[in-house]
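The exercises that follow ask for a reading of one chain, from its domains down to single residues. Each task is followed by a solution that goes step by step.

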Amino acid sequence: MRSDFIWMNGELVPYEQATVHFITPTLHYGVGVFEGIRCYSTPKGPGVFRLGEHLERFLDSIHILGIQNFPYTVEDLRQATHLTIRENGFKECYIRPLMYLKGPMGLNLDRSEPQVGIAAWEWGPYLGEEAKQTGVHMMVSSFTRLHPNTNMTKAKISGNYVNSMLGKTLALRSGYDEAVILDPQGYVAECTGENLFMVRNGVLYTPPAAPVLEGLTRDSIIKLAADLGIPVEEPMITRDQLYIADEVFITGTAAEVVGVRAIDHRTIGPGRPGPVTRKLTEAFTDVIRGLSPRSDEWLDYVDLKERQVAS
Ligand SMILES: Cc1ncc(COP(=O)(O)O)c(C=O)c1O
C-alpha cells in the first residue's frame with residue numbers, strides 16, 4: 001500500500017510522514033468517514049471511476065455523521081485526488097479519502113476539528129483475479145447489518161466497518177470467501193463490502209436501497225442492465241431466494257463484479273459465473289477500460305503531463 005505521497009489537509013506529505021497522533025478521537029471511537037475509489041488505465045490516461053459521485057457520497061457521509069465544519073468542497077477534493085494520482089505517477093490505483101477528527105478526547109462531535117487525507121496505492125481486485133473466473137463461496141452471516149437507527153447505513157462511517165470486519169473474518173475463518181449480511185428484519189441486505197444481485201428467469205434483482213450502502217458499482221450495474229435491455233427489480237430478498245437463483249453476483253469498488261458459485265454449500269445455478277453475470281461484467285469492464293459509450297460519462301481523466309513534485 002506504498003506510494004510516494006499522501007495528500008493531507010491541503011498538501012502532499014511524504015508517505016512516512018503521513019501520521020496521526022495517538023490522541024485522535026477517530027482512532028478511539030471510529031468517528032471517521034471514508035471512501036473507496038478506483039482509477040483505471042485507459043487509452044486517454046488514468047481515468048477515475050465516478051469520482052464526483054464518490055466525493056459527493058463522501059460529503060453526504062460527513063453530513064450524516066453530523067459534522068458541521070468540514071471545509072472542503074467536491075471540487076477541492078477532486079483536484080486533490082488528481083494531484084495525488086499524478087504526483088505518485090500512478091496509471092491505475094485504488095484511492096482512499098478519509099475524514100478523521102482531531103480534538104480533545106470525549107464524545108462531543110462539536111469539539112473536534114475535521115481533518116482529511118487522500119491516499120492511493122496500486123491494488124488488484126479485492127477477492128482476487130481467480131474469483132472472477134470461478135466465482136466465490138459465501139456464507140449467510142450470523143452478524144446482522146446495522147439497524148438504520150444504530151449507525152445508519154448510507155454513510156461510510158469507519159465504525160460501521162466493525163460489523164463488516166466481524167462478518168468477513170468469520171467467513172474467512174470458516175472457509176468461505178465472503179459473507180451475505182441480512183438486515184435486522186432477516187432479509188438479504190448486502191455483503192461486508194459489496195452489494196448483491198441475483199438473476200432469476202432473466203430478471204435481475206437487488207435488495208432495495210434502504211438498508212444498504214448505495215454502491216456506485218450497484219448503480220452502474222443497474223444502468224448497464226437497462227442499456228442491455230435486462231429488466232431490474234428491487235424487492236425484498238430472502239436467503240432461500242438466493243439458494244434457488246439462476247445466478248448471484250456481488251459488486252463493489254474494491255471487488256468490482258464477482259460471480260457467486262455457492263452460498264451455504266448450495267450450488268448457485270451452474271456453480272460458476274452465469275451468462276448474465278458475464279454479460280454485465282463485460283459491459284462494466286468495457287467502461288473502466290475506456291472502451292464503452294459510458295466511459296467518458298463515468299471516467300474522470302487525470303492529466304499526467306502536469307506532474308510537478310515527483311520525478
Ligand atoms: C457495505 C458496503 N456495501 C457496498 C459497497 C459497494 O459500494 P461501491 O460500489 O460504491 O464501492 C461497499 C463499498 O464501498 C460497502 O462497504
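Domain bounds, as used here, come from an automatic or database domain assignment. The model is a predicted one, and every value below is computed from it.

**Exercise 1.** State which domains the chain is assigned, and describe the contact between them.

*Solution.* The assignment gives domain 1, residues 5–123, and domain 2, residues 129–288. Taken over C-alpha atoms, the centres of domain 1 and domain 2 are separated by 26 Å. To the contact, domain 1 contributes 19 residues and domain 2 contributes 12 residues. On the side of domain 1 that touches domain 2, at least two residues each are supplied by β3 (33–34), β4 (37–42) and α2 (51–65), and the largest share, 6 residues, is that of α2.

**Exercise 2.** Identify the residues with the most contacts inside the largest nonpolar core, and say which domains this core draws on.

*Solution.* The largest nonpolar core comprises 79 residues, and Val 180 and Val 248 are those with the most contacts inside it. At least three residues of this core come from each of domain 1 (5–123) and domain 2 (129–288). Turning to Val 180, and setting aside neighbours within four places in sequence, one finds contacts with residues including Met 138, Val 140, Val 188, Cys 191, Leu 196, Leu 242 and Ile 263, and also with Ser 141 and Arg 239.

**Exercise 3.** Determine in which sense β1 and β2 pair, and describe their hairpin.

*Solution.* Strand β1 (residues 5–8) and strand β2 (residues 11–14) pair in the antiparallel sense, over 4 bridges. Within this pairing, Trp 7 stands opposite Leu 12 in β2. The hairpin has 2 residues between the strands, and Asn 9 takes a positive phi near 50 degrees.

**Exercise 4.** Decide whether α6 and α8 are roughly parallel or roughly perpendicular.

*Solution.* Helix α6 (residues 216–227) and helix α8 (residues 275–288) pack with their axes 10 Å apart, at an angle of about 105 degrees. Angles of 65 to 115 degrees count as roughly perpendicular, and α6 and α8 are therefore roughly perpendicular to each other. Where the two helices meet, Ser 220, Ile 221, Leu 224 and Ala 225 in α6 face Leu 280, Ala 283 and Phe 284 in α8.

**Exercise 5.** Establish whether Pro 211 is buried or exposed.

*Solution.* Pro 211 is found in the loop between β12 (203–205) and α6. A residue counts as buried if 20 or more other C-beta atoms lie within 10 Å of its own; Pro 211 has 22 C-beta neighbours inside 10 Å and is therefore buried. Not counting residues up to four places away in sequence, Pro 211 touches Arg 145, Pro 148, Thr 153, Asp 183 and Ala 189.

Notes: Residues numbered from 1 in each chain as written. Predicted model: local features only at pLDDT ≥ 70, side-chain atom pairs only at ≥ 80, totals over all residues. Core = buried A, V, L, I, M, F, W, Y, C linked by C-beta atoms within 7 Å. Buried ≥ 20, exposed ≤ 12 C-beta atoms within 10 Å, placed from the backbone. Contact = placed C-beta atoms within 7 Å. Pairing = 2+ DSSP bridges. Axes fitted to C-alpha atoms, helices over the stretch in contact; angles between N-to-C directions. Parallel < 35°, antiparallel > 145°, perpendicular 65-115°, else oblique.
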